[in-house]
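Please look through the model below with its sequence at hand, and follow the chain from its early residues towards its later helices.

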Amino acid sequence: MRLLKVATCNLNQWAMDFECNTKNIKESIVRAKEAGAVIRLGPELEITGYGCEDHFLELDTVTHGWECLKEILLGDWTDGILCSFGMPVIRGSERYNCQVMCLNRKIIMIRPKMWLANDGNYRELRWFTAWKQKEQFVDFQLPSEISEALLQQTVPFGYSYIQFLDTAVAAEVCEELFSPMPPHAELALNGVEVFMNASGSHHQLRKLDLRLRAFIGATHTRGGVYMYSNQQGCDGGRLYYDGCCCVVVNGDVVAQGSQFSLKDVEVVVAQIDLDAVASLRGSISSFQEQASSKPKVPSLAVPYKLCQSFNLQMSLSSPLKIRYHSPEEEIAFGPGCWLWDYLRRSGASGFLLPLSGGADSSSVAAIVGCMCQLVVKDIANGDEHVKADAIRIGHYTDGQFPTDSKEFAKRIFYTVFMGSENSSEATKMRAKVLADEIGSWHLDVCIDGVISSLLSLFQTLTGKRPLYKVDGGSNIENLGLQNIQARIRMVLAFMLASLMPWVHNKPGFYLVLGSSNVDEGLRGYLTKYDCSSADINPIGSISKLDLRTFLKWAANHLGFSSLAEIEAAPPTAELEPIRANYSQLDEVDMGMTYEELSVYGRLRKVFRCGPVSMFKNLCYKWGTKLTPSEVADKVKYFFKYYSINRHKMTVLTPSYHAESYSPEDNRFDLRQFLYNARWPYQFRKIDELVHQLDGDKIATPKSTDHERVDGPSVGGMGVVAARSGDPKAGF
């Protein structure tokens with residue numbers, strides 16, 4: 001038997017915080033060595049942090065990476081353990097995303113990444129060059145300060161594997177696993193038994209299964225040990241890296257770390273018999289045949305043993321049942337952990353949320369409540385780092401610390417119901433009851449006086465006073481009156497966030513939380529600079545349908561029972577007067593359902609459909625219940641309002657990324673924000689298709705002018721701005 005003990009980890013790194021990152025790396029090595037591991041794998045770009053973005057273009061970032069690596073190598077951390085560190089390296093004129101293999105205080109080799117992630121949220125080709133010389137294994141001249149300290153002049157650089165005396169080990173970096181021809185396939189044929197995948201992979205709802213299937217598939221038919229390491233946490237941006245470090249042996253998961261956690265360092269260890277890998281490969285005839293005619297991959301011989309022989313004191317790791325979270329748990333724990341990282345690293349003293357009693361703002365409140373529960377639970381389990389952060393943020397003194405989530409929420413979470421004459425007692429009471437269940441410091445504010453003052457000012461300036469539509473006013477007046485309420489709430493929220501800590505003799509400031517969902521962003525069903533405008537938004541990339549399911553789950557599993565009543569209530573903004581024959585409803589205002597919006601969003605983004613392709617797809621999907629003409633009307637209506645309101649995405653509050661069809665304009669969904677909202681060519685093509693399908697019956701197009709008759713949003717505290725003709729109006 002060839003017994004090998006390996007360690008992989010989740011690290012909560014912070015882009016550009018080299019002290020924090022190096023401390024976490026050292027801690028992970030210490031834990032790996034204490035467990036007896038002889039291989040330690042860390043995440044991609046762990047020394048700098050994955051999310052440095054354009055900081056990677058600065059020479060300082062690369063230099064500091066080398067300085068941190070030198071600090072590690074001059075100590076005893078790498079004694080007796082093979083460590084793979086992620087960092088940027090400049091060779092000649094090119095910058096590479098590299099894994100640096102180290103053992104016994106020496107750099108063994110540097111492995112540059114060959115296939116870079118450059119879609120969705122990833123922009124690696126902006127900062128790095130892919131290593132294209134697969135056959136070249138060259139000498140790399142170490143920076144002078146490093147070479148003098150380590151007494152090494154050059155190290156091997158390129159695509160290769162390390163041949164130890166008793167096994168072969170190689171790196172496969174993140175995206176390379178998911179490429180059409182992944183390196184592990186030919187590396188396995190060359191005899192590599194241990195694959196180390198350092199990753200910087202972010203959370204997305206229902207994504208973990210795809211990732212784990214890739215690890216399992218890599219070793220199921222060709223054998224091998226697949227180690228996976230990932231960052232975990234918010235490293236300074238919209239993404240939450242969701243950990244789940246693991247070890248897979250011959251297609252079986254034998255070790256798995258957490259997906260969501262408040263911990264800075266998590267290490268998982270597996271004990272493996274490498275003879276099981278050799279045995280499986282020897283039993284597969286096609287593997288033997290292909291290995292006999294394999295393309296040769298360069299190798300580096302290292303005269304060092306990693307394995308131990310047969311030893312009953314070392315038990316082997318057995319296959320595990322893979323742990324998956326439900327989508328509802330993902331919504332609770334992912335954004336909850338992201339909020340905690342943001343809070344503790346921002347210097348803020350807490351959060352403030354405009355809580356309307358609607359589904360969206362209540363979802364955000366529940367997520368903050370979940371965060372407080374996670375903090376108290378980790379403190380109870382002995383996590384001193386979480387405890388220290390909680391004491392600092394909650395301003396505990398005299399040795400006190402959080403032991404109750406509601407008491408902790410009272411210290412760090414303000415909720416405020418900003419009601420008007422259009423608000424109902426039902427939503428006001430729902431907000432108060434939920435705040436009590438969570439434990440937040442709840443405020444009830446009436447904004448009618450401010451609205452009246454603004455309208456009086458307007459009347460003084462113009463001689464006119466607008467009316468709601470139900471009272472005989474026009475659409476323009478109706479929207480204007482709703483926008484006043486929406487934007488007053490934004491101003492009031494930021495004022496309270498900055499001054500309420502002062503009122504209660506607390507230092508610092510509060511972060512304002514937004515609560516618009518992904519479907520509202522896609523449709524543009526929100527006002528620029530209303531309560532959707534905040535510091536951060538934990539649900540901005542989550543669909544309304546998923547949020548409603550989450551509310552039902554949270555009512556039972558988080559102890560916030562009032563969420564069940566909130567979920568059952570029809571979504572309404574309460575920005576127009578309620579009459580016996582009229583009650584404002586979101587889906588009526590939008591002219592489409594949230595379920596339809598999810599369909600449009602996936603077709604537009606995930607399946608890359610323009611108006612014509614979407615029409616064709618929906619004719620198949622909805623053909624049993626709608627005529628082609630009706631499908632055409634729906635598609636045109638969606639694209640009209642999507643394009644009219646696209647400009648709002650340019651100022652969308654930074655939101656936790658969770659959904660594959662997010663319209664977020666910063667980096668995930670890059671498109672113009674000034675459209676010809678009539679789409680004349682595309683809509684004409686749709687009409688022609690309808691004509692072919694329905695004979696002489698041509699779809700009657702919806703109005704294609706730029707007038708917006710949009711409805712409110714953001715948990716009852718927002719409304720879209722009107723624009724008529726002028727593409728700049730409503731900004």
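Is R105 buried, partly exposed or exposed? The model is a predicted one, and in it R105 has a relative accessibility of 35%, so this residue counts as partly exposed, given that buried means under 20% and exposed over 50%. R105 sits in the loop that joins β4 (94-103) to β5 (106-112), and although R105 is not a glycine, its phi is positive, at about 70 degrees.

This loop falls within a stretch that carries an annotation: an unreviewed UniProt entry lists residues 4-274 as "domain: CN hydrolase". Over residues 4-274 the chain is 24% helix and 33% strand, and the C-alpha atoms at the two ends of the stretch are 7 Å apart.

Aromatic contacts offer a way into the interior. A search of the whole structure finds 30 aromatic pairs. In the pair made by W66 and F140, the ring centres are 6.1 Å apart and the planes meet at 10 degrees, so the pair is stacked, the limit for that class being under 30 degrees. Because W66 belongs to helix α2 (residues 59-74) and F140 to strand β6 (residues 137-141), the pair ties together parts that are 74 residues apart in sequence. W66 counts as buried because its relative accessible area is 6%, and F140, at 5% relative accessibility, is likewise counted as buried.

W66 has a further partner in I146, a residue of helix α4 (residues 144-150). With residues up to four places away in sequence left out, I146 touches W66 and K70. The C-alpha atoms of I146 and L69 are separated by 8.8 Å, although these residues are 77 residues apart along the chain. With a relative accessibility of 3%, I146 counts as buried.

Further along the chain, the loop between α11 (384-394) and α12 (405-412) contains D398. D398 is a residue other than glycine with a positive phi, near 55 degrees, and its relative accessibility of 77% means that it counts as exposed. Charged side chains placed over aromatic rings can be found as well: K387 lies over the face of F401, at 4.0 Å from the ring centre, while R523 lies over the face of Y641, at 4.3 Å from the ring centre.

The loop between α16 (518-523) and α17 (544-557) holds I536. What does I536 touch, once residues up to four places away in sequence are not counted? The contacts of I536 are with W338, L339, Y342, F351, V512, L513, G514, T653 and P654. I536 is buried, since its relative accessible area is 1%. A separation along the chain similar in kind to the one described for I146 gives another outcome here, for I536 and P611 are 75 residues apart along the chain and their C-alpha atoms are separated by 32 Å.

Helix α17 has 14 residues, which at 1.5 Å a residue should span 20 Å, and its end C-alpha atoms are indeed 20 Å apart, so the expected and modelled spans agree. The buried residues of α17 are K544, D546, L547, F550, L551, W553, A554 and A555. Among the elements that cover these buried residues are α9 (327-346), α10 (359-380), α16, α18 (563-568) and α20 (594-606). Just after α17 comes G559, which takes a positive phi of about 85 degrees.

The later part of the chain includes an aromatic cluster formed by Y600, W622, F638, F639, Y642, Y675 and W679. How far apart are the end C-alpha atoms of helix α23 (residues 680-694)? They are 21 Å apart, which agrees with the 21 Å that the 15 residues of α23 should span at 1.5 Å a residue. In α23, the residues F683, I686, D687, L689 and V690 are buried. These residues cover an arc of only 160 degrees around the axis, and they therefore lie on the same side of α23. The cover over the buried residues of α23 includes α21 (611-621) and α22 (628-644).

Definitions and conventions
Residues are numbered from 1 along each chain as its sequence is written. This is a predicted model: local features need pLDDT of at least 70, side-chain atom pairs count only at pLDDT 80 or more; totals for chains, interfaces and linings use all residues. Side-chain values use heavy atoms; hydrogens and water are left out. Helices (H or I, at least four residues) and strands (E, at least two) are DSSP runs, numbered from the N terminus. The expected span of a helix is 1.5 Å times one less than its number of residues. Buried means under 20% relative accessible area, exposed over 50%, partly exposed in between (1.4 Å probe, protein chains only). The arc is that of the directions from the helix axis to the C-beta atoms. Contact means heavy atoms within 4.5 Å. UniProt positions are given in the numbering used here, feature names are shortened, and annotations may be inferred rather than shown by experiment. Rings of Phe, Tyr and Trp (its six-membered ring) pair if their centres lie within 6.5 Å; planes under 30 degrees apart count as stacked, over 60 as edge-to-face and the rest as tilted. A charge sits over a ring if NZ of Lys or CZ of Arg is within 6 Å of the ring centre and within 35 degrees of the ring normal.
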